[in-house]
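Let's go through this model together, asking of each term why it applies. Please keep the view open as we go.

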Amino acid sequence: MDHLRRKKHTSILSYWTVRYLLIIGTGLLLTALVTFWWIQQEAMNNRMQTTGLLAQEIADRSVSADGSLNIPPGLDQLIEDRKRFFKLTLEMCVIITGPGGELLFSQPQLTEDEMRHKLNDSLDAARSPEFKAAAAQIQGNGEALGQVVVLQSKRSLRHIPREEIIFFSILILFLIILSWLTIYLLSIKLAKPIQRVAAAASQISGGKYDIRLETEAKEREIHELLLSFQEMAGKLRQFEQSRAVMLAGVSHELKTPVTSIKGLVHAVREGIAEGEEAVEFLDIALLEAGRLQRMVADLLDYNALAAGIVSVRHDRLDAAPLLEEIVYQWKLTQSEDVREPELQLPAQPVFLRGDPLRIQQIIVNLLNNSVQARQPGQMLQLNLRLAENPQGNAEITVTDNGIGIPGENSERIFEAFFRSSGKQSTLRGLGLGLTFSRLLSEAMGGSLRLVAKPEQGCTFVFTLPLWR
């Protein structure tokens, strides 16, 4: 039922072209109707002006040299010539009346009653008259000798030649076809990359991340869409590979202490190890349990911080005493072959804005990483320096003389579950320390980055905002 109720979708090509055709067709037809109406009104006005000029010409010709009323001979031919010249219709009627309104001349021939009927009809305002009249007075010796009235039917005044109608209709049809063709070509141009992206997305949803898209396009937005999708597919492929590696790594790292604890406890329980050896086995089991607990805690902290549900304080902190206390507590947990870190503090107090517990987590993690990366048979030297940078932030720089980080790994050390090949073979851990530290620094408004160093050792710069 849900499938039957699902709305049927149409393609971009059909959706846009059909609707655009309806919109442009309706708009152009309405424009054509308004234009036809306006042309008719203009044609009526122009023809009435021409009719008025004709009436005045006939009135001027109907006055003799002595100023008396005289219907000129050949007036019929004159009227026919003017009809052809001004393109007036055959439905025109010319009437000349005397001083008393009597009929003197008409074309076509009219009786007195027909003349009066036409004149009364053209002047009747109570209804829409069939004819419109243009009149001109016949003047002679300063007095009115009569009147010339030229009647034109409204239908003829509004008449538009058939040729003009055909031309205008063809023009409207051409504009509709041209507009539709334009949106049709644009829709095809836009639909093709979207179809390619949709097909690639379908492959990704099916678990196939190795896709190739033709990203070259003249349009910047389409090019950016295809390029971004291609990069997203590559990232998803990397994430999928990382997920598989992570799952295998996490399973292995968690399985190792569990197996050790189980074997040690089983040996004590079965009496294989007794006395001091049993106590030693239990101590080792406790160490493995502690390591397992830290791994689980790292996973929980990382997931919580990545989800944004870990609260971070923003207190006013005096940086120098805080760093001294962190270094002192950390040194108590280290062996004698690790020298106490050298602290370089500014003469003036520096006040930070952050969470003291989270700052301690980050610095301790950086120091522990340095211990893990020390050169075999060489005394580890650590240096912590506090300073203010030109951007108005505090920088805590941690430097060691260890084996350093290879150039090919420097871009990936902050990725979750990533460990270099050297550490992977000698240490057990999930590879979340630096990832978690960077997330914590960003949550406090700071940053954590690795500074490239060509010689041995490495340098991390931990940035925090100053208290304002």
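**Checking the terms**

Q: Which residues of helix α10 are buried?
A: In α10 the buried residues are R358, I359, I362, I363, N365, L366, L367, N369, S370 and V371. Buried means under 20% relative accessible area, exposed means over 50%, and partly exposed lies in between, using a 1.4 Å probe and protein chains only. The model is predicted, so local features need pLDDT of at least 70 and side-chain atom pairs count only at pLDDT 80 or more, while totals for chains, interfaces and linings use all residues. Residues are numbered from 1 along each chain as its sequence is written, and side-chain values use heavy atoms, leaving out hydrogens and water.

Q: How do you know that α10 has the span expected of a helix?
A: The expected span is 1.5 Å times one less than the number of residues. With 17 residues, α10 reaches 24 Å from its first C-alpha to its last, close to the 24 Å expected. Helices here are DSSP runs of H or I with at least four residues, strands are runs of E with at least two, and both are numbered from the N terminus. On that basis the chain has 12 helices and 11 strands.

Q: Why does the span of α6 agree with its expected value?
A: The 44 residues of α6 (residues 162-205) should span 64 Å, and the end C-alpha atoms are 62 Å apart, so the two agree. Among the buried residues of α6 are F168, I172, I176 and I183. G207, which follows α6, has a positive phi near 95 degrees.

Q: What makes the approach of D355 to L357 a polar contact?
A: At the start of α10, a side-chain oxygen of D355 comes within 3.1 Å of the backbone nitrogen of L357. A polar contact is a pair of N or O atoms within 3.5 Å; within protein, one must be able to donate a hydrogen and the other to accept it, and residues adjacent in sequence count only if both atoms are side-chain atoms. The D355 pair therefore fits the term.

Q: How do you know that β8 and β9 pair?
A: Two strands pair if DSSP finds at least two bridges between them. β8 (residues 382-388) and β9 (residues 393-400) are joined in the antiparallel sense over 7 bridges, so they meet the rule. L384 has V398 in β9 as its bridge partner, and A387 stands opposite E395. The two strands form a hairpin with 4 residues between them, and G392 in the turn has a positive phi of about 85 degrees.

Q: Why is N389 called buried?
A: N389 has a relative accessible area of 11%, so the residue falls in the buried class. N389 lies in the loop between β8 and β9, and its side chain reaches the backbone nitrogen of N393 at 2.7 Å. Contact means heavy atoms within 4.5 Å; leaving aside neighbours within four places in sequence, N389 is in contact with E395 and T463.

Q: What makes β6 and β10 edge strands of the sheet?
A: The open sheet has 5 strands in the order β6-β8-β9-β11-β10, with mixed pairing. β6 (342-344) and β10 (447-451) each have a single partner strand, so one side of each is left without a neighbour in the sheet. β6 pairs with β8 in the parallel sense over 3 bridges, whereas 5 bridges join β10 to β11, and those two run antiparallel. In β11, R449 has V461 as its bridge partner.

Q: Why is β11 described as largely enclosed?
A: 7 of the 7 residues of β11 are buried, so the rest of the structure largely encloses this strand. T459, V461, T463 and P465 are buried on one side, and F460, F462 and L464 on the other. In a regular strand the side chains alternate between the two faces of the sheet. β11 also pairs with β9 in the antiparallel sense over 7 bridges, where V398 stands opposite F460.

Q: How many disulfides does the rule give?
A: A disulfide is a pair of cysteine sulfur atoms within 2.5 Å, and by this rule the count is 0. C93, at 4% relative accessible area, is buried, and C458 counts as buried at 9%.
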